[in-house]
Amino acid sequence: MPFIMRIVVGLIGIMALLGVNPHWFKLDDLASERGIEAISAIGRANVRADVGGLFLAIAIFALLAAAKQSRTWLLAVTLLVGSALLGRVVSVAIDGYVAAVGPPMATETAIIAILILAYWSWGKKPEGL
């Protein structure tokens with residue numbers, strides 16, 4: 001199980017790395033794909049820094065976690081993905097639920113569950129388990 005979780009966490013890292021590309025290099029596509037529109041140079045820089053940077057950090061930390069089978073790096077990935085999910089929960093609380101928010105929330109929840117499973121499988125097991 002620990003080896004399989006290393007592969008899965010590595011795949012999460014690769015998928016996050018693929019998420020950097022549109023947020024750095026294809027900003028014009030983000031309006032139709034994600035509802036993000038940057039209307040000035042500072043807006044474009046903010047999308048690249050904040051959203052692209054988040055995806056890059058998730059990718060790096062997940063790949064490090066998988067390469068080293070490190071629970072510490074898993075916690076970092078979980079914190080970043082959890083922060084993104086929390087932002088969506090706050091958005092739903094303030095703006096109300098819209099159907100387009102559901103799939104990203106489900107994806108982030110599933111990723112957090114996978115990361116928690118990896119954390120558990122990579123750790124010391126309590127006596128009797």
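A residue is called buried here when its relative accessible area is under 20%, exposed when it is over 50%, and partly exposed in between (1.4 Å probe, protein chains only). By that yardstick Trp24 is partly exposed, because its relative accessibility is 29%. The model is a predicted one, so local features need pLDDT of at least 70 and side-chain atom pairs count only at pLDDT 80 or more, while totals for chains, interfaces and linings use all residues. Residues are numbered from 1 along each chain as its sequence is written, and side-chain values use heavy atoms, with hydrogens and water left out.

On the overall layout, the chain holds five helices and zero strands, where helices (H or I, at least four residues) and strands (E, at least two) are DSSP runs numbered from the N terminus. Read from that end, the elements go α-α-α-α-α. Along the principal axes, the C-alpha atoms fill a box of roughly 55 × 30 × 20 Å. Of the 129 residues, 31% count as buried. Contact means heavy atoms within 4.5 Å; among contacts with a separation of 6 or more, 68% join residues 24 or more positions apart.

Next comes helix H1 (2–25). The expected span of a helix is 1.5 Å times one less than its number of residues. For the 24 residues of H1 that gives 34 Å, and the end C-alpha atoms sit 35 Å apart, which agrees. Its buried residues include Met5, Val9, Ile12, Ala16, Val20 and His23. Helix H2 (30–34), H3, H4 and H5 are among what covers the buried part of H1.

His23, for one, lies in helix H1 and counts as buried because its relative accessibility is 0%. Neighbours within four places in sequence aside, His23 touches Leu30, Arg34, Val47, Arg48, Val51, Gly52 and Phe55.

H4 (residues 71–95) gets a similar check: its 25 residues should span 36 Å, and the end C-alpha atoms are 35 Å apart, which agrees. At the N-terminal end, Ser70 acts as the cap, with a side-chain oxygen 3.3 Å from the backbone nitrogen of Thr72. That fits the cut-off for a polar contact (a pair of N or O atoms within 3.5 Å; within protein, one must be able to donate a hydrogen and the other to accept it, and residues adjacent in sequence count only if both atoms are side-chain atoms). After H4 comes Gly96, whose phi is positive, near 90°. Within H4, the buried residues are Leu74, Ala76, Val77, Thr78, Leu80, Val81 and Leu85. Their cover includes helix H1, helix H3 (41–68) and helix H5 (102–122).

So what sits in the middle? The largest nonpolar core has 23 residues, and those with the most contacts inside it are Val9, Leu74, Leu115 and Trp122. A nonpolar core is a set of buried Ala, Val, Leu, Ile, Met, Phe, Trp, Tyr and Cys residues joined through side-chain atoms within 4.5 Å. H1, H3, H4 and H5 each give two or more residues to this core. Leu74 is in contact with Val9, Ala65, Leu115, Ala118, Tyr119 and Trp122, leaving aside neighbours within four places in sequence. Ala118 belongs to helix H5 and is buried, because its relative accessibility is 0%. With the same neighbours left out, Ala118 contacts Met5, Val9 and Leu74. Ala118 and Val9 are 109 residues apart along the chain, yet their C-alpha atoms are separated by 7.7 Å.

Then there are the rings. Rings of Phe, Tyr and Trp (its six-membered ring) pair if their centres lie within 6.5 Å; planes under 30 degrees apart count as stacked, over 60 as edge-to-face and the rest as tilted. That rule yields two aromatic pairs. Trp24 and Phe25 make an edge-to-face pair, 6.1 Å centre to centre with 85° between the planes. Phe25 is exposed, since its relative accessible area is 62%. The other pair, Phe61 and Trp73, has ring centres 5.0 Å apart and planes at 35°, so it counts as tilted. This pair links distant parts of the chain, Phe61 in helix H3 and Trp73 in helix H4, twelve residues apart. Both partners are partly exposed, because the values are 23% for Phe61 and 29% for Trp73.

One charge also meets a ring: the charged end of Arg71 sits over Tyr119, 3.6 Å from the ring centre. The rule there asks for NZ of Lys or CZ of Arg within 6 Å of the ring centre and within 35 degrees of the ring normal.
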